[in-house]
Each structure stands twice: as structure tokens, then as C-alpha cells.
Amino acid sequence: MTSYTDRSSSSDAVDAPRRQLLATAALLGVAPSLLSACASAATTATSAAVGARRRLGPLEVFPVGLGCQWRQGTAPGVVVDSYSSAFDRPSAIRLIHEAVDRGVTLIDTAEAYGPFLSEEIVGEALQGRRDRVVLETKFGFDIDPVSGQRRPGRLNSRPEHIRAVVEAQLKRLRTDRIDVLIQHRVDPQVPIEEVVGTLKDLIRAGKLRHYGLSEPGLQTVRRAHAEHPMAVIQNEYSMLWRGPEAAVLPLCEELGIGFVCWSPLGMGFLAGGVQADSRFKTAPVTDFRAISPRFAPEVLPANMALVDLVRDWAQRKSATPSQVALAWLLSRKPWIVPIPGTTNAAHLHQNLGAAELRFTPAERAELDAALGAIRIQGDRLPPAVALMSGVEAPPKP
Ligand SMILES: NC(=O)c1ccc[n+]([C@@H]2O[C@H](COP(=O)([O-])OP(=O)(O)OC[C@H]3O[C@@H](n4cnc5c(N)ncnc54)[C@H](OP(=O)(O)O)[C@@H]3O)[C@@H](O)[C@H]2O)c1
């Protein structure tokens, strides 16, 4: 079973704000606890920098991470997300600086995001800040290392491919180690024991610290964890998609694996970015929601019931909808960490404020009952993407 005692190198990352607090307290000649109390009563920004940490398997991180999933836009210098937001590379770098300086420690990206571009931006942004973060990235798609094109067959977790990808990632990320390397999707051609065996070798070589799986089958998790303790599972989880509650979260609890939620804001839906009549663009770049059944014109009006509920709770708690959505995730288990994506510094500040938002047990019960009464219509993902979730790796020969 995964030990909860290994906090070694990540403690560098998570202790930095604490050291900052102690140093500031010493400079001001006040007790750290007094400074901490003043800080938490002050702005969210300040409290984020000294906020509580939470366990994520063997790691400790700030409760809200940052997702860095960007690709090249059609105009030179423009960087776009998977939806409708765009900015430029210097702004992306400033956003990461802002996040880390405000206390964020978990930075998530992937080889496939761009491909390569997101890792390059993260690598550049983390120069001088590398030791303050837990750097999480992913491998697993069959991407040509030069052209960035995905090869037919799409997935590739063969040992020699993993080793080559990690070398390229270390260069792009401008670092000597990856803190958490996640298999983006289970490869139905490669036994998980071979994958984890390769990751174990890379851990021994000091190139990785921990590993995780994204959207894996349950038996694959058990087999992987038996081969080498897994740090995290990264699955979609939010008020919009509660699939992990049935079996994945209980398995994480049983095995001591941390849980990272992707699309914790329901692809912007829960944060108020979608209306009943929203239509998503398919050109020049496709907004992923344009091909996702739960955002189709015929189901959106009914699904807006969830947006209304989140907005009502935001008013009640004097918070933003994004904060309610993220704080609800944080309230589920102490080892759950969302990684909202954003291109907007004001949104980033709001999202970090979720770490301060609490629900009383009575509020939790009321909110859960209201959520339980809403039935989301339309499938979570386009069929071809959904096929890659919950896959079991083939048996060891
Ligand atoms: N493992 C996997 O397979 C997988 C799959 C998908 C994503 N991920 C990871 O998960 C991360 C987050 O997921 P995601 O980006 O798909 O979805 P998300 O975090 O649920 O939503 C992102 C969207 O919400 C908007 N937003 C963020 N904060 C907001 C705020 N405070 N107010 C209003 N709108 C706000 C963003 O627009 P603005 O830019 O305007 O803020 C963006 O359109 C990704 O960056 C990536 O690292 C992993």
C-alpha cells in the first residue's frame, strides 16, 4: 500500500510558502501564527500563499492546482485552450508565475498538449521556480517526436517509447526530474506491469519521482499498484461528472492513492461560461464542447439546472460559481485536488480562493441532495474519446 510518509522532494515545493511565512514573521518580529492569522483574514491572494496543504498520495500540495493545456492558435504567437479562450505565450508564462507566487504547487501538463507546446511553456515559466512545485506531466499517445503528429494506433506505452518521451520531456520542461508522470490513457497493447516496470527504472534513475494513471480500468490500477505504489489517479470529476464516486474514489481510499480531478469546472460550464443557447465553434480550431454530447443544443437547456444551482450557492456563500464548484470537490475527500485550467489571471485568483471556502455538514447535505436531484443529459465525451476510458491493460504474457 502507498505510504503516506514520503514527502521528501515535494516538501521543498510545499514548504516554500511556510519558509516564506517564517522568514516574514522573523523580519517583522511577530509570531508566525499571528502572521498566519492576519494573512488568512486578509486577501485570498495572501491566504493562498500560506494556505493549508493537502495530501495527494505520497505528496503534499496546495489544495488547488493549475492545468496547463494549451496549443498553438491559428495566428502566430497565439496560444489557445481546448475551449474558446486564447492568449499569448508571455501571458501564459505570467499566469504560471502568478499561480506559483500565490502558493499553487501542483502544475499539470502533458506531452500531448500542443503537442509539446504546453510543456515548453511550463518549462520556461518554471525557471527559477522549479523547486517550489510538484510538476506533473503525461505520456501515452503515439506522437511523432519531430512533427508532433499522432501516429496511427494513437496510443503508445511501449517501454522504449516511454523512455524516449521522458528524455524529450525533461528537455522541454528544462528540469532533471518529473515529480509525477501519468500514463494519459491505458494502452490496450501493453501489459501494465511492463509500463510500471519501465517507470520504476526511471524512478531508480532519478528521472521521475512518482507515477499515476489517467482514466484507468480498476484491475489495471490494482496490478500497477502491486508492481510499484501509484501516487495519483487523474480522472474527470466535478459536479457535472460524478462517475469516479462509484468505484474509483473507493479504490483510491483503499490503496492510499491521491486523486486529481481534471475538468473540475466542467469545461467552464460550472463557472458560468455556458448559456442555454451557447453554440461552440468548430473552426478554425474546435472547441471540445462542440463535439461533446452533454453540451449539444438539445440538452443544454435542461442541463442549465446545474448552473443555476451553483449560481444560487455562490450567492448564498458570497463566492463565485467556480469557487463553489471547486470547494465542493475539496469537501468530498481530503486527498482530492482539482486542477482548473484558465487563461485569465482574475479567474486564477478566484479559483485559488476556493481553498478558503467551507461548507458546514448541513450545507453539504443540502447541496448534495440538490445535486442528486439533477440528471445531466447527454454523454460525457464523444464516443471515440470515451472508448479510451476505463480500459484494462492486457495480461502479462
Ligand atoms: N487527464 C486527462 O485526460 C485530462 C483531460 C482534460 C484536462 N486535463 C487537465 O485538467 C485541466 C483542467 O481541465 P479543463 O481545462 O479541461 O477544464 P476546467 O478546468 O473544468 O475548465 C476550464 C474552462 O473554465 C474557464 N474558467 C476557469 N476558471 C474560471 C473562472 N473562475 N470563471 C469563469 N471561467 C473559468 C476557462 O476559461 P478562461 O481561460 O477564460 O478562464 C476554461 O474555459 C487541464 O488544463 C489539463 O491540465 C486532463
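In what order do the three strands of the open antiparallel sheet lie? The order is β4-β5-β6, and we'll come back to that small sheet after a quick look at the whole chain.

**Ground rules and overview**

This is a predicted model, where local features need pLDDT of at least 70, side-chain atom pairs count only at pLDDT 80 or more, and totals for chains, interfaces and linings use all residues. Numbering starts from 1 along each chain, following the sequence as written.

The protein chain has 14 helices and 15 strands. Both are DSSP runs numbered from the N terminus: helices are H or I with at least four residues, strands are E with at least two. Out of 397 residues in the protein chain, 45% count as buried. Buried here takes 20 or more other C-beta atoms within 10 Å of the residue's own, exposed takes 12 or fewer, partly exposed is in between, and C-beta atoms are placed from the backbone. If you look at contacts in the protein chain with a separation of 6 or more, 75% of them come from residues 24 or more positions apart. A contact means two C-beta atoms, placed from the backbone, within 7 Å.

**The eight-stranded sheet**

Eight strands form an open sheet with parallel pairing, in the order β3-β7-β8-β11-β12-β13-β14-β15. At the edges sit β3 (66-67) and β15 (336-338), each pairing on one side only. Two strands count as paired when DSSP finds at least two bridges between them.

Let's walk through a few neighbours. The table gives the parallel pairs, with one residue pair from each.

| Strand pair | Bridges | Residue pair |
|---|---|---|
| β8 (residues 134-139) and β11 | four | Glu136 and Val180 |
| β11 (residues 178-183) and β12 | five | Leu181 and Tyr211 |
| β12 and β13 (residues 232-236) | three | Gly212 and Val232 |

Strand β12 (residues 208-214) is mostly covered, with seven of its seven residues buried. It also takes part in two β-α-β units: one is right-handed and made of β11, helix α7 (residues 192-204) and β12, while the other, also right-handed, is built from β12, helix α8 (residues 218-227) and β13. Right-handed means that, with the strands pointing away from the viewer, the path from the first strand over the helix to the second runs clockwise.

**Back to the small sheet**

In the β4-β5-β6 sheet the pairing is antiparallel, and the edge strands are β4 (71-72) and β6 (86-88), each of which pairs on one side only. Two bridges hold the antiparallel pair of β4 and β5 (residues 78-80), and Gln72 stands opposite Val79 in β5. Helix α4 (residues 89-101) lies across β5 and β6, running at about 90 degrees to β6. That angle is between N-to-C directions and runs from 0 to 180 degrees, with axes being lines fitted to C-alpha atoms, for helices over the stretch in contact.

**Around the ligand**

The ligand has 32 residues around it, and the closest are Gly67, Trp262, Leu265, Gly268 and Gly341. A residue is near the ligand if its C-beta atom, placed from the backbone, lies within 6 Å of it. By type, the shell splits into nine nonpolar, 21 polar and two charged residues. The nonpolar class is Ala, Val, Leu, Ile, Met, Phe, Trp, Tyr, Cys and Pro, the charged one is Asp, Glu, Lys and Arg, and the others, Gly among them, are polar. Helix α12 (residues 345-353) gives the most to this shell, with three residues.

**Backbone oddities and a long-range pair**

Most residues other than glycine have a negative phi, and most peptide bonds are trans. A few spots here go the other way. Gly114 and Pro115 are joined by a cis peptide bond with omega of about -10 degrees, and Pro115 is found in the loop between β7 (106-108) and α5 (117-125). In that loop there is also Phe116, whose phi is positive, near 75 degrees. Phe116 counts as partly exposed because it has 19 C-beta neighbours inside 10 Å.

The loop between β14 (258-262) and α10 (300-316) holds Pro284, and the peptide bond from Ala283 to Pro284 is cis, with omega near 0 degrees. Ser263 lies in the loop between β14 and α10, and has a positive phi of about 45 degrees although it is not a glycine. Ser263 is buried because 24 other C-beta atoms lie within 10 Å.

Lastly, Leu59 sits in strand β2 (residues 59-61). Its C-alpha atom is 9.7 Å from that of Trp335, although the two are 276 residues apart along the chain. Why is Leu59 counted as buried? Because Leu59 has 30 C-beta neighbours inside 10 Å.
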